[in-house]
Amino acid sequence: VAFAVYSNRASHQRRASPVDRMDVSIVVLAVDWRARKAIQEAFARIARQTDTATKSGLAAMLREAAGSVLQSQLSWLYAGASDYDGRLSPGEAESIFRRATTLARTRFKADVIRNLRGAKSESPAPDKRARPEEGAGVVVVTFAVAARKQLPDVRAVTDAFCLQAALESFTRLSPSELAAVEVIWSPAVE
């Protein structure tokens with residue numbers, strides 16, 4: 001389920017000057033059953049209430065979503081991250097961002113809650129049955145962020161402090177620093 005996307009398209013693929021360089025960070029976290037429902041409810045509320053048609057609304061959405069996941073740190077089970085060099089041209093950053101978000105979305109079968117450029121939609125969740133080895137279940141959250149500033153690299157996904165630093169940096173991005181964001185979570189509802 002994707003709930004917000006914003007991107008400034010670039011028409012060139014040149015190497016970025018120091019003024020227009022960009023960074024892209026992808027952080028994926030699996031959150032266990034103890035925080036699963038709270039994350040799902042918070043993200044659904046954020047998706048329903050946020051104005052994703054504005055840069056300030058998107059920055060607020062990212063701040064709230066990352067803050068919700070930071071509050072559930074004791075429930076983080078698994079993590080993944082992809083970092084880029086922070087010297088990307090806008091065109092290079094957009095290409096990386098689009099590939100990463102497309103890949104993240106292809107892992108899920110249905111968009112249950114979507115808020116794209118201010119257009120909100122909801123559809124019924126498909127029937128799901130957890131496998132016995134999944135226990136009470138997890139929610140998988142993907143943050144894809146492109147910024148007009150250097151973002152902290154997640155050097156080790158097994159290091160909660162690196163993940164925390166990345167998420168905290170997302171909460172501090174100003175609307176002018178945020179170039180693109182997409183938050184994808186699944187399952188969207190219980």
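## Two helices side by side

Helix 1 (residues 33–49) and helix 2 (residues 55–71) have axes that come within 10 Å and cross at roughly 175 degrees. Angles over 145 degrees count as roughly antiparallel. That makes helix 1 roughly antiparallel to helix 2. This is a predicted model.

Which residues make the contact? Helix 1 supplies Ile-39, Ala-42, Phe-43, Arg-45 and Ile-46. Helix 2 supplies Met-61, Glu-64, Ala-65, Ser-68 and Val-69. The residues of this contact divide into 7 nonpolar, 1 polar and 2 charged.

## The sheet

Now the strands. An open sheet is formed by 4 strands. Their order is 2-1-5-6, and the pairing is antiparallel. Strand 2 (76–83) and strand 6 (178–186) stand at the edges. Each has a single partner strand, so one side of each is left without a neighbour in the sheet. On average, neighbouring strands of this sheet are turned by 10 degrees against each other, direction ignored.

Look at one pair in detail. Strand 1 (residues 23–31) pairs with strand 2 in the antiparallel sense over 7 bridges. Ala-30 has Tyr-78 in strand 2 as its bridge partner.

## Helices on the sheet

Where does helix 2 pack? Helix 2 packs on the sheet and touches strand 1, strand 2, strand 5 (139–147) and strand 6. The direction of helix 2 makes about 45 degrees with that of strand 6.

Helix 4 (residues 160–171) lies across strand 1, strand 2 and strand 5. Helix 4 runs at about 120 degrees to strand 1.

Technical notes: Residues are numbered from 1 along each chain as its sequence is written. This is a predicted model: local features need pLDDT of at least 70, side-chain atom pairs count only at pLDDT 80 or more; totals for chains, interfaces and linings use all residues. Side-chain values use heavy atoms; hydrogens and water are left out. Axes are lines fitted to C-alpha atoms, for helices over the stretch in contact, and angles run from 0 to 180 degrees between N-to-C directions. Angles under 35 degrees count as roughly parallel, over 145 as roughly antiparallel, 65 to 115 as roughly perpendicular and the rest as oblique. Contact means heavy atoms within 4.5 Å. Ala, Val, Leu, Ile, Met, Phe, Trp, Tyr, Cys and Pro count as nonpolar, Asp, Glu, Lys and Arg as charged, and the others, Gly among them, as polar. Two strands pair if DSSP finds at least two bridges between them.
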